[in-house]
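Me: Please take a close look at one part of this chain, the place where its last helix packs against others, and cover the cysteines too. Keep the rest brief, as setting.

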Amino acid sequence: MKRTKIGELLADERRGVQMKVAGWVRTRRDSKGGFSFVEINDGSCLANLQVIAPAALPNYEAEILKLHPGASVAVEGTLEASLGGGQAVEVKAQKVKVLGFSPPVEYPLGKQKINFDRLRELPHLRARTNSFGAVARVRNTLAQGVHQFFHDRGFLYVHTPIITSSDCEGAGEMFQVTTLDPEAPPRSKDGRVDYTQDFFGRRASLTVSGQLEGEAYACALGDIYTFGPTFRAENSNTRRHLSEFWMIEPEMAFADLNEDAELAEDFLRHLFKVVLEQCGEDLRFFDQRIQPGLLARLERLAEAPFGRVTYTEAVQSLEASGQTFEFAPFWGMDMQSEHERYLAEEVFKGPVVVTDYPEAIKAFYMRRNADGKTVAAMDVLLPEVGEIIGGSQREERLEVLEAAMRKGGMNLEEYGPYLDLRRYGSVPHAGFGLGFERLVQFCTGMRNIRDVIPYPRAPRMC
C-alpha cells in the first residue's frame, strides 16, 4: 500500500478508507481499556496524527508499549472520525511496524521544552520540532514563490559561479579557496604566496554576490535573476548575520532605478501573498508562539503601498524628528537600523523605498547622479526590520565607471570583463539583492537568523 502524507490525510473528507502512514512518534499515551494513543508527525504539516493502537496487535506488548518520542513507525489502518477533541480524524491501526526505536535516555528531543540556543547545537535533529519544521515549510514556499514570480515575468534563471576571483562589494571580506599547503605555501622571490601555483593559477575566493556575472547575462538576454549561496567572511557574531546565506539578485537590461524599485515592490507583495495563501497553519503557529501580530503584519504588507523618499529627504526627517537616536543622523551617514525603522514605522507607517544615497557610502558600480554627490541607489525598508532589499541602477558609462574604480583604488585589469560590458553595446540596467534568510526571518518572526537556515554557518560555528 502506498504511503499517504499526514498533511493530505488530515484534509481527506473520506471515512472508513484504508490508509498507510509513516512518521516519527511525538507522544504515546496508554489506556486501561487495552489500547494506546500514539501521535506521529511526518513533517508534511504542523499537526500530528493520532493513531489508536489496540492491544490485540501482535507486537503491542513487545514494541508498541516501548515506543518513545523519536521512534519511527509505519501504520496501516482505517481513517475514522475522531471521538476526542483536538483533531477531526484519527487512524485505527490494524498493523504498526516499528522502523527505528529510540530509547528515552538517548533521544535529545523529549517532552521537555528546549530553547533555541540548545537546538542550534542539534541541527541534525531540530527540524523534528514544531518551530523548525514550520520554518522549513515556510522557507520552501518562499523559494518556490521566488522562482514563480520571475518565471511569470519572463526572467531567465542564471547560475552564477560560487568560486570567483573578483570581489563584487570591494570590502575584501571573502573566504579564500586554495589547494596550496597552508603550512608551507610556495612563495615568490619577494616572499609573497605564489598563487600561480594554486589550482586556478591565481587567488580565488567564495563569492559574495552573483551580480557582476549576472550583469553580463542581462546585457545579452534582457532580464535574468540569480538565486544561490553567497559567503561573507565578516567577523560579526550577531543574530542578524550569517557567513553563508542565499541571495536573490535580479538584473534588468534597459531599466532605470524607478523600474528597479517597482520590481522590488511587486516582488515583496507577491511573496507575502504566497506565504499567506500556502502556509496558514504554520503562520498561525508563529503568530501564537513566536511573534504575536505576525499574521496581521503580513496581511497588511501584502496590500500596502510603498512610500518613496530620497536619502536627503529622509535625513532631514530624522534630524527634524526630535527623536533621540543612538547614532545622531547627519547627511553622509550610513543609515543604521534605528533610522530605517523610524522611517518605516513612524514617518511612513509602512514600507518605504529610499533612493539616491551619497556616493561615498555606496559601491563602485552604482550610477553617478548629475548632482555629483549621490548615486542611483535604493533600499527598501520594512517596519520592525529596516532594510530588506538593496539595489541600484548600474553605471553603464565606461569613463565614469573607470574613474570611480580608480578613485576606490581598484585594479581595472582584474575587472576587464566587467568593463567590456560598457565597451560593447552598453545599456542602462538595474538590479537589486535580497538576502533570502532575512526574508524567511521576517515572515516567521524568528528572532535569530541562524534559526531560519538548516545548517547555520557563522563565526566559530560550522
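Reply: Of the 462 residues in the chain, 50% are buried. The model is predicted, and every value below is computed from it. The chain has 12 helices and 16 strands. Its C-alpha trace spans about 85 × 60 × 45 Å along the principal axes. Among contacts with a separation of 6 or more, 65% join residues 24 or more positions apart.

The part in question centres on helix α12, residues 436-444. Helix α5, residues 257-278, packs against α12 at an angle of about 50°, and their axes are 12 Å apart. The angle makes α5 oblique to α12. The crossing of these two helices is right-handed. On the α5 side, the contact is made by L268, L271, F272 and V275. On the α12 side, L439, F442 and C443 take part. By class, this contact has 7 nonpolar residues, with no polar and no charged ones.

Helix α7, residues 294-301, also meets α12. The axes of α7 and α12 come within 8 Å and cross at roughly 120°. Here too the angle counts as oblique. L294, R297, L298 and L301 of α7 touch F442, C443 and T444 of α12. This contact has 5 nonpolar residues, 1 polar and 1 charged. F442 and C443 therefore face two partners, since they are listed in the contact with α5 as well as in the contact with α7.

C443 leads on to the cysteines. A disulfide is a covalent bond between the sulfur atoms of two cysteines. To be counted as one here, two cysteine sulfur atoms must be within 2.5 Å. By this rule there are 0 disulfides. C45 is in none, and the nearest cysteine sulfur to its own, that of C279, is 12 Å away. For C279, the closest cysteine sulfur is in C443, at 9.1 Å, so the gap is too far for a bond. Both C45 and C279 count as buried, because their relative accessibilities are 10% and 3%, under the 20% limit. C279 thus has no bonded partner in C443, although C443 is one of the α12 residues in contact with α5.

Two sites away from α12 serve for comparison of setting. L343 lies in helix α9, residues 337-347. With a relative accessibility of 1%, L343 counts as buried. Beyond its neighbours within four places in sequence, L343 is in contact with A314, S317, L318, M335, F348, K349, V354 and L381. R232 is 111 residues from L343 in sequence, and their C-alpha atoms are 28 Å apart.

E359 sits in the loop between β13 (352-358) and β14 (374-382). E359 is buried, with a relative accessible area of 17%. Apart from neighbours within four places in sequence, the residues in contact with E359 are R368, G372, K373, T374, V375 and K407.

To return to the part you asked about: α12 is oblique both to α5 and to α7. The contact with α5 has no charged residues, while the contact with α7 has 1.

Terms used. Residues are numbered from 1 along each chain as its sequence is written. This is a predicted model: local features need pLDDT of at least 70, side-chain atom pairs count only at pLDDT 80 or more; totals for chains, interfaces and linings use all residues. Side-chain values use heavy atoms; hydrogens and water are left out. Buried means under 20% relative accessible area, exposed over 50%, partly exposed in between (1.4 Å probe, protein chains only). Helices (H or I, at least four residues) and strands (E, at least two) are DSSP runs, numbered from the N terminus. Contact means heavy atoms within 4.5 Å. Axes are lines fitted to C-alpha atoms, for helices over the stretch in contact, and angles run from 0 to 180 degrees between N-to-C directions. Angles under 35 degrees count as roughly parallel, over 145 as roughly antiparallel, 65 to 115 as roughly perpendicular and the rest as oblique. A crossing is left-handed if the near helix is turned anticlockwise from the far one by less than a right angle, and right-handed if clockwise. Ala, Val, Leu, Ile, Met, Phe, Trp, Tyr, Cys and Pro count as nonpolar, Asp, Glu, Lys and Arg as charged, and the others, Gly among them, as polar.
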